[in-house]
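Reader: Hey, I'm new to this one. Could you walk me through it?
Author: Sure, take a look and ask away.

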Amino acid sequence: ALVFSPDGRSVVAARNTLKNESVFVLDVWAADTGEKTTSIPANTIEHTGTIAELAFAPGGQLMASAGWDHSVRLWSFDTRQRVKTLHGNPSEVWTLAFTPDGEAVITGGKDGAVRRWPTNSTTTDKFYEGNWAPLRFSNNGEILAAIDEDSKVVTLNLKTGEPETQLQLSKNLPGFLSAAISEDLRVLVEPVASGFRVWDLQTTQSVQVINP
């Protein structure tokens with residue numbers, strides 16, 4: 001797991017292999033020189049399982065890490081300190097993303113559940129029924145594109161909790177979370193055995209591209 005800081009100056013990478021230093025920490029590297037600048041946290045243990053995903057909130061001051069220890073941790077990128085731990089996920093957290101307003105983190109877990117975790121203490125978390133693998137948010141943060149357990153691409157309305165559109169993909173997708181969707185949620189690329197298929201999600205028409 002790795003991510004660029006929003007200003008492009010740093011690369012944050014999860015260290016999930018045991019070396020002479022602590023395991024399950026985040027190393028920060030300068031993008032221009034390739035030099036390691038620091039580790040997060042520096043002298044304590046936070047995650048106790050593999051760090052699977054990293055994301056920055058809008059503005060770049062808050063960063064989130066998802067772990068196989070069933071938790072999400074929020075970090076101040078300026079101070080390199082943990083500011084909050086989100087506990088209560090019943091399974092490993094495999095993927096996450098911030099909502100566009102930065103007020104919540106959406107997670108996808110090994111159990112297939114999508115959950116919304118507020119970054120402040122005034123609201124409560126929300127659970128979306130189903131078995132989902134999140135792909136991308138709409139620009140306004142109201143829609144989440146995800147793949148369900150039947151290999152359907154679903155646009156999930158995060159206000160109502162109801163799916164709005166569905167598109168059936170191949171049930172033998174190679175790899176995990178291997179489909180990719182455009183930022184405007186209009187074009188999806190699905191890997192197939194001989195190449196990949198490009199879908200227009202508005203017309204549900206597709207074109208297959210064959211590897212030479």
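Author: What follows is a chat about a sheet, a pocket, a surface patch, a salt bridge and a few backbone details. Keep in mind that this is a predicted model.

Reader: Okay, let's start with the sheet. In what order do the four strands come?
Author: The order is β17-β18-β19-β20, in an open sheet with antiparallel pairing.

Reader: And which strands stand at the edges?
Author: Those are β17 (180–181) and β20 (205–210). Each has a single partner strand, so one side of each is left without a neighbour in the sheet.

Reader: How many bridges join β17 to β18?
Author: Two, with the strands running antiparallel; β18 covers residues 187–192. Within that pairing, I181 sits opposite L188 of β18.

Reader: What about β18 and β19, how many bridges there?
Author: Six bridges join those two, again antiparallel, and β19 spans residues 195–200. L188 turns up here too: W199 is its bridge partner in β19.

Reader: And how do the chain turns get made? How many residues are in the hairpin from β18 to β19?
Author: That hairpin goes through two residues. The hairpin of β17 and β18 has five residues between the strands, and L185 there takes a positive phi near 60 degrees.

Reader: Switching to the surface: which residues form the nonpolar patch?
Author: V187, V189, F196, V207 and V209 do, and together they have about 340 Å² of accessible area.

Reader: Which strands supply at least two residues of it each?
Author: β18 and β20 do. V209, for one, lies in β20, which is also one of the edge strands.

Reader: New topic, pockets. What's the volume of the largest one?
Author: About 530 Å³. It is lined by 22 residues, and the closest to its centre are A97, F98, L135, R136 and F137.

Reader: Which elements give two or more residues to that lining?
Author: They are β5 (51–56), β9 (93–98) and β13 (132–137).

Reader: And what does the lining look like by class?
Author: There are 15 nonpolar residues, four polar ones and three charged ones.

Reader: Speaking of charge, how many salt bridges does the structure hold?
Author: Six. One of them pairs R15 with D27, whose closest N and O atoms are 2.7 Å apart.

Reader: Where do R15 and D27 lie?
Author: R15 is in β2 (residues 10–15) and D27 is in β3 (residues 25–30), so the pair ties together parts that are twelve residues apart in sequence.

Reader: Last thing, the backbone. Is the peptide bond from I40 to P41 cis or trans?
Author: That bond is cis, with omega near -10 degrees. P41 belongs to the loop between β4 (36–40) and β5, and β5 is among the strands that help line the largest pocket.

Reader: And what's the phi of H70?
Author: Near 75 degrees, which is a positive value in a residue other than glycine.

Reader: Where is H70 found?
Author: In the loop between β6 (62–67) and β7 (72–76).

Notes:
Residues numbered from 1 in each chain as written. Predicted model: local features only at pLDDT ≥ 70, side-chain atom pairs only at ≥ 80, totals over all residues. Heavy atoms only, no water. Pairing = 2+ DSSP bridges. 1 Å grid on protein atoms, 1.4 Å probe; cavity = no way out; pocket = protein on both sides within 12 Å on 5 of 7 lines; lining within 4 Å. Points joined across faces, edges and corners; volume = space filled by probe spheres on them. Nonpolar A, V, L, I, M, F, W, Y, C, P; charged D, E, K, R; others polar. Patch = residues over 30% accessible without salt bridge, like charges linked within 9 Å, V, L, I, M, F, W, Y side chains within 5 Å. Areas by Shrake-Rupley, 256 points an atom, 1.4 Å probe, with all protein chains shown as cover. Salt bridge = Lys/Arg side-chain N within 4 Å of Asp/Glu carboxyl O.
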